[in-house]
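Please load the model in a viewer and keep the sequence panel open beside it. The stops below are given in the order in which they may be selected.

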Amino acid sequence: MRRTFSVFAVLLAGAAGVAGLAPPAAVAAPAADPSPTVTLPTGDRVTVRTAPDGRDTFEVQPAADKGMARALVHLRLGGRDYEVPGTALPYLGRGLDLSLFDVKALLAGARAPVDTATFGAALAKQYKEDSARGRFGGQGLFAGGVRYALAGAPKRQAAQPRSVMRTVSVDATDIAGKPADTGIAFLYNTDDGDTLAPDENFNYFFGGTAKFSVPDGNYSALGVFWTTDADGNPTELRFSAQPEFAVKADGGVRVDAKRASSKLTWVTPRPALLDDTGFLFRRAAKTGPALLVDFDAGPGVPISVSPTSTPVRTGALQTYPYSRLVSPPGPGTPYEYVLQKASIGVIPQQRYVITAKDVAAVAATYFSEYSSLGLRQRSGMFSFEDVSGHPSHPIQLPRKQTEYVSAGPDLAWFGGFSKYVLPGPFPGWAGGQHEQFHTYQGGSSVTEDWNRFPLHPAGEVALLPLNDGRAYTLPGATRAGDLLRVAITPFSDNQPGHTGFGFSGEPRDTITGSYRFTQDGTTLAEGTPQGATAAAFAQDVAPGPSTLGLTIDAGRTGPMYRQSTATHTEWTWKSQHVEGVTLPPSLYCGRGEDGPDRACAVEPLLTLGYAVGGLRPDGSTLSGPQGLDLTVGHLQQSTGSPVTAATVQYSTDGTTWQDATVTARGDGVFHAGFTATTEAFRGTDVSLRVSAADAAGATIAETITAAYHVYVS
């Protein structure tokens, strides 16, 4: 699986206006789920999330788990994004129209003229047959010149040439050294990326040649070659490029597969086995959209690339390999390497020696009260990218492991963790967490806890420096003038920057939830945001100083949930009219016409962070004395006052509550001690009830049902 998760841009509903001191608008609509998902003609599912700066991230859930159907190619041609399974690649333009894989067209409602439940398997079968005969198209699904195209797909015309057209032959021998009859050639104008239409940027090799008709100018050529075994599984991938050459007359350029002589190799400090790998080639013109070819080859497929030594002079060239390597089977804590290394201007030799200074060592724990097969995705995005997403992989839960991750100031990571995979023909993600963009420092050691109980409501936290601005984070509550915006996600964990999947789930789950917003005790907005990520709304309030209140209830039960099944959280805080305040570049209030709106202030809502002593990855700890470290703070970038008090109560039956002994340790940190015992064979759940206040009168009160589990050893 690939291209998973991203910055979440929560779409806030508009609020009705108010005049003077008249009563505010009654109800603001909850936010829509910001996760548009479509099904490709081959049955693969694609989710696109657009950040406030316009960059897209993709989550693709392949319908196949092996073979070329599992290999995925992301193409950006003419400013549009196409997600193409490997089995479809040889048929683009000769049976399959490129529009079939135009993600934004599918999101806009265009439909493919095929049965998406069966076409992928039929195409994989056709690919296997054609691969065996060494020629694609003209038979089976494509007999008689049959052509499949997307109904209603947008039509895009190439720019009118200002010179006579030239015939350019992109010539190549394949991996076996014979004139290429398989593989795909890309030709791109590096003066103006709009010179050629998307389907004019590529062609197929036949008898060793792929021909293009183009106007004069500067160009880049790329040949992509692959081999498969008898079962249709990819066995090798090669990128052969001529990044820069001029076209002034009819002529040719060679991209022989043998020129891809540099095999991707990672030399790591600890032995590791290649699990998944891919290569990205991006060529940008002086003006217009860039060409991007991102081939996720899949588990263990060797990749070779043609190195260059002369930097390009026209436009820009960026490439990088990305791989995940895992520890060999054996005793001890498992580990993995998640690596990617960008190069600018040239394509270097692909042997990378990794040292401790090149990576961050992440001690990661993935909590789950049940043993399950989940998914983990960690994707890196360089500053030159405007679309991103890299492979996700299955992960056995619960789990502790060490993750060595490429580090650098220009490489921002994002991703997610799914507690389990939804059943059915199109598996999805459930019960996990998303993370915000962040960087790692080489040579550092960090700890990351995923789904650490107890789960509870939280707002998003920017992990990049606040003056960075590469990615934008939406605070949990902001005020602009007299407009309040709220976006709080239930079932979030205790790692800053993580937010949960909110009020969404699968058919077996029972998910309930509601929110209520008040001003001086009067209800202004309420809703039931089932199916949404967050309790999110926008609401006008009266301008004078007042006390605002927010209550969020959330419940989630099902066969995969036993801990933190319900929360009830109440906030109160003082608020008044806001004017002349601007958020720093890494935060935003909402989407504006010309980009992110930052003209607002973050409201001083209190936040809670929990750390149960001795908690195991399955969400349990020993019966007997308990220790809970409670961190009370405020929403990031708010002007909160010092925290003055906190209380903790606990219950082992959900009905009878007892006080814990709470000790203040300074800076909003409190330690609660109590005894929770059980004699039950299956143990006992501990529920928590916490309250806190600050010097300005802000309060929070939170009840978590079945927060975590105690057991008898």
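The tour goes from the whole chain to its cores, then to one sheet, the disulfide and several individual residues.

**Whole chain**

Begin with the full chain, bearing in mind that this is a predicted model. Displayed as a cartoon, the chain shows two helices and 52 strands. Its radius of gyration is 27 Å, close to the 27 Å that the globule rule gives for 713 residues, so the chain is as compact as a globular protein of that length. Aligned to its principal axes, the C-alpha trace spans about 80 × 65 × 50 Å.

Next, switch to a surface representation. The accessible surface of the chain is about 26,600 Å², and carbon and sulfur atoms account for 52% of that area. Colouring by relative accessibility separates out the buried residues, which make up 57% of the 713 in the chain. A contact map adds a further view: of the contacts between residues at least 6 apart in sequence, 73% join residues at least 24 apart.

**Nonpolar cores**

In soluble globular proteins, nonpolar side chains tend to be buried together. Select Leu92, Leu96, Val224, Phe239 and Phe295, the residues with the most contacts inside the largest nonpolar core, which has 90 residues. Then select Phe367, Val648, Ala692 and Ala707, which are among the 58 residues of another core lying apart from the largest one.

**A six-stranded sheet**

In which order do the strands of the open six-stranded sheet run? The order is 8-7-10-11-17-13, and the pairing is mixed. Select residues 202-204 for strand 8 and 262-263 for strand 13. These two strands stand at the edges with a single partner strand each, so one side of each has no neighbour in the sheet.

Add residues 303-305, which form strand 17; this strand pairs with strand 13 in the antiparallel sense over two bridges. Within this pairing, Lys263 stands opposite Ser304. Centre the view on Ser304, a residue of strand 17. With a relative accessible area of 8%, which is under the 20% cut-off, Ser304 counts as buried. Leaving aside residues up to four places away in sequence, Ser304 touches Leu237, Arg238, Phe239, Ala260, Ser262 and Lys263. One of these, Phe239, has already been selected as a residue of the largest nonpolar core.

**The disulfide**

Select Cys589 and Cys600, which form a disulfide with their sulfur atoms 1.8 Å apart. The structure holds one disulfide. The torsion about its S-S bond is about -95 degrees, so the disulfide is left-handed. Cys589 lies in the loop between strand 40 (566-575) and strand 41 (590-592), and Cys600 in the loop between strand 42 (595-597) and strand 43 (601-602), so the pair ties together parts that are eleven residues apart in sequence. Both cysteines are buried.

**The loop between strands 39 and 40**

Move to Gly558, in the loop between strand 39 (546-557) and strand 40. Is Gly558 buried, partly exposed or exposed? Its relative accessibility is 25%, so Gly558 counts as partly exposed. Measure from its C-alpha to that of Arg508: the two residues are 6.1 Å apart in space and 50 residues apart in sequence. Gly558 touches Arg508 and Asp509, with residues up to four places away in sequence not counted.

Ser564 lies in the loop between strand 39 and strand 40 as well. Its phi is near 50 degrees, a positive value in a residue other than glycine. Ser564 is buried, at a relative accessible area of 1%.

**Further backbone features**

Select Phe491, located in strand 34 (residues 483-492). Phe491 has a positive phi of about 60 degrees although it is not a glycine, and it is buried, with a relative accessible area of 0%.

Finish with two cis peptide bonds. The bond from Leu397 to Pro398 is cis, with omega near -10 degrees; Pro398 is in the loop between strand 25 (392-397) and strand 26 (399-406). The bond from Phe453 to Pro454 is also cis, with omega near 0 degrees, and Pro454 is in the loop between strand 31 (445-450) and strand 32 (456-458).

Key
Residues are numbered from 1 along each chain as its sequence is written. This is a predicted model: local features need pLDDT of at least 70, side-chain atom pairs count only at pLDDT 80 or more; totals for chains, interfaces and linings use all residues. Side-chain values use heavy atoms; hydrogens and water are left out. A disulfide is a pair of cysteine sulfur atoms within 2.5 Å. Helices (H or I, at least four residues) and strands (E, at least two) are DSSP runs, numbered from the N terminus. Buried means under 20% relative accessible area, exposed over 50%, partly exposed in between (1.4 Å probe, protein chains only). Two strands pair if DSSP finds at least two bridges between them. Contact means heavy atoms within 4.5 Å. The radius of gyration is taken over C-alpha atoms; the globule rule is 2.2 Å times the number of residues to the power 0.38. Accessible areas come from the Shrake-Rupley method with a 1.4 Å probe; for residues, only the protein chains shown count as cover. A nonpolar core is a set of buried Ala, Val, Leu, Ile, Met, Phe, Trp, Tyr and Cys residues joined through side-chain atoms within 4.5 Å.
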